[in-house]
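Please look over the sequence and the model below before reading on, and keep both at hand while following the text.

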Amino acid sequence: MSTLLIKGKAPDQQGRIISVTPQSAGWDYVGFEVFKLHDGQAIKGNSGAFEICLVVLAGHGNIKVDGQAFNGLGTRTSVFDPIAPDAVYLPPGLDYAVTATGDLELGVCKAPGTGTYPVRRIPTDRMSMEKRGKGNNIRHVCNILPETEPADSLLVVEVITPAGNASSYPPHKHDQDNLPQESLLVETYYHRLEPSQGFAFQRVYTDDRTLDETMTIENGDVVLVPRGYHPVATVHGYDLYYLNVMAGPKRAWQFYNDPQHQWILES
């Protein structure tokens with residue numbers, strides 16, 4: 001199995017089903033966890049050297065950060081509901097606790113932080129929603145923590161790709177610290193499928209093919225993108241959701257399309 005593919009697991013005692021650290025991924029920036037909690041179940045943590053975006057992917061819960069309470073969070077029952085999620089931003093060095101009120105699926109998105117910005121609930125009306133592409137390249141985007149919203153290095157976005165469509169396509173990359181042409185960002189993709197028994201495909205490759213891996217994605221899997229182009233496509237009958245977490249030395253999302261496939265946009 002590819003070292004870039006992290007398979008979802010049954011919840012551990014804390015409810016954790018996914019854990020990616022900078023150390024386990026072999027990079028300097030992104031950390032990512034997913035928890036599935038039952039009613040009344042709670043997790044506690046400290047943001048340490050990271051800034052964190054806690055995303056209520058589905059279900060409901062309460063979040064407490066450094067004495068501040070954010071209660072009654074949760075806007076949807078499924079990640080496929082076409083509405084923005086609730087989210088809370090944390091700077092480094094703060095204790096936090098999350099308690100489920102009913103079932104709760106929680107994404108914990110991490111990147112190095114300097115403490116520039118305070119704790120805040122990210123209003124759903126600040127999360128722009130847009131349709132990108134046309135034909136079999138249509139996908140629906142929700143910008144949870146884009147570069148237009150304050151953070152030190154963290155970028156968070158989610159995408160729903162309808163059945164039979166491609167996304168992150170034409171293939172693009174962001175692995176060169178060469179602004180304004182391209183930024184260097186590592187990235188995680190947390191995938192969900194509807195219905196859940198479905199599958200999709202993701203390829204991660206470089207121009208010289210020193211990295212070239214194509215993975216079969218199942219519900220709950222994570223794909224690591226340390227460098228290279230990274231298109232994804234789902235099959236007929238199965239919608240694909242993914243949550244992206246990105247970070248790098250500069251907080252800018254500037255990508256470069258694979259020149260071999262640029263014609264798709266120009267035709």
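What follows goes from the overall form to the strands, and then to the interior and its cysteines.

The model is a predicted one, and in it the protein has 2 helices and 23 strands. For its 267 residues, a compact globule would have a radius of gyration near 18 Å, and the value for the protein, 18 Å, agrees with that expectation. The C-alpha trace spans about 55 × 40 × 35 Å along the principal axes of the protein. Buried residues make up 53% of the 267 residues, while the surface that the protein exposes comes to about 11,600 Å², of which carbon and sulfur atoms supply 51%. Of the contacts in the protein with a separation of 6 or more, 73% are accounted for by residues 24 or more positions apart.

Among the strands, one open sheet can be followed from edge to edge: it has 7 strands in the order 1-20-17-22-12-11-10, with antiparallel pairing. Strand 1 (5-6) and strand 10 (129-132) each have a single partner strand, and therefore one side of each is left without a neighbour in the sheet. At the edge formed by strand 1, the pairing with strand 20 (residues 222-225) is antiparallel and runs over 2 bridges, with Ile6 standing opposite Val222 of strand 20.

A hairpin gives a further view of antiparallel pairing, since strand 5 (residues 50-65) and strand 6 (residues 68-73) pair in that sense over 4 bridges. Val65 of this hairpin stands opposite Gln68 in strand 6. There are 2 residues between the two strands, and Asp66 takes a positive phi near 50 degrees in this hairpin.

Turning to the interior, the largest nonpolar core has 58 residues, and those with the most contacts inside it are Phe32, Cys53, Cys109, Ile144, Val156, Tyr190 and Leu243. Strand 22 (residues 239-247) contributes the largest share of this core, 7 residues. Strand 22 also has a place in the open sheet, between strands 17 and 12 in the order given above. Which residues surround Val156, once its neighbours within four places in sequence are left aside? Val156 is in contact with Cys53, Val55, Cys109, Asn143, Ile144, Leu145, Pro146, Leu243 and Asn244. A second, separate core holds 20 residues, including Leu54, Phe70, Leu90 and Ala100.

The cysteines deserve a separate look. In general, a disulfide is a covalent bond between the sulfur atoms of two cysteines. The sulfur atoms must lie within 2.5 Å to be counted as such a pair, and by this rule the count comes to 0 disulfides. Cys53 is in no disulfide, and the nearest cysteine sulfur, that of Cys109, is 5.3 Å away. Cys53 counts as buried because its relative accessibility is 0%. Cys142 is likewise in no disulfide, the nearest cysteine sulfur being that of Cys53, 10 Å away. With a relative accessible area of 3%, Cys142 is buried.

A polar residue closes the tour. Ser183 is found in strand 16 (residues 182-184), and its relative accessibility of 2% means that Ser183 counts as buried. Leaving aside its neighbours within four places in sequence, the residues in contact with Ser183 are His174, Asp175, Gln176, Ala252, Trp253 and Gln254.

Terms used:
Residues are numbered from 1 along each chain as its sequence is written. This is a predicted model: local features need pLDDT of at least 70, side-chain atom pairs count only at pLDDT 80 or more; totals for chains, interfaces and linings use all residues. Side-chain values use heavy atoms; hydrogens and water are left out. A nonpolar core is a set of buried Ala, Val, Leu, Ile, Met, Phe, Trp, Tyr and Cys residues joined through side-chain atoms within 4.5 Å. Buried means under 20% relative accessible area, exposed over 50%, partly exposed in between (1.4 Å probe, protein chains only). Contact means heavy atoms within 4.5 Å. Two strands pair if DSSP finds at least two bridges between them. The radius of gyration is taken over C-alpha atoms; the globule rule is 2.2 Å times the number of residues to the power 0.38. Accessible areas come from the Shrake-Rupley method with a 1.4 Å probe; for residues, only the protein chains shown count as cover.
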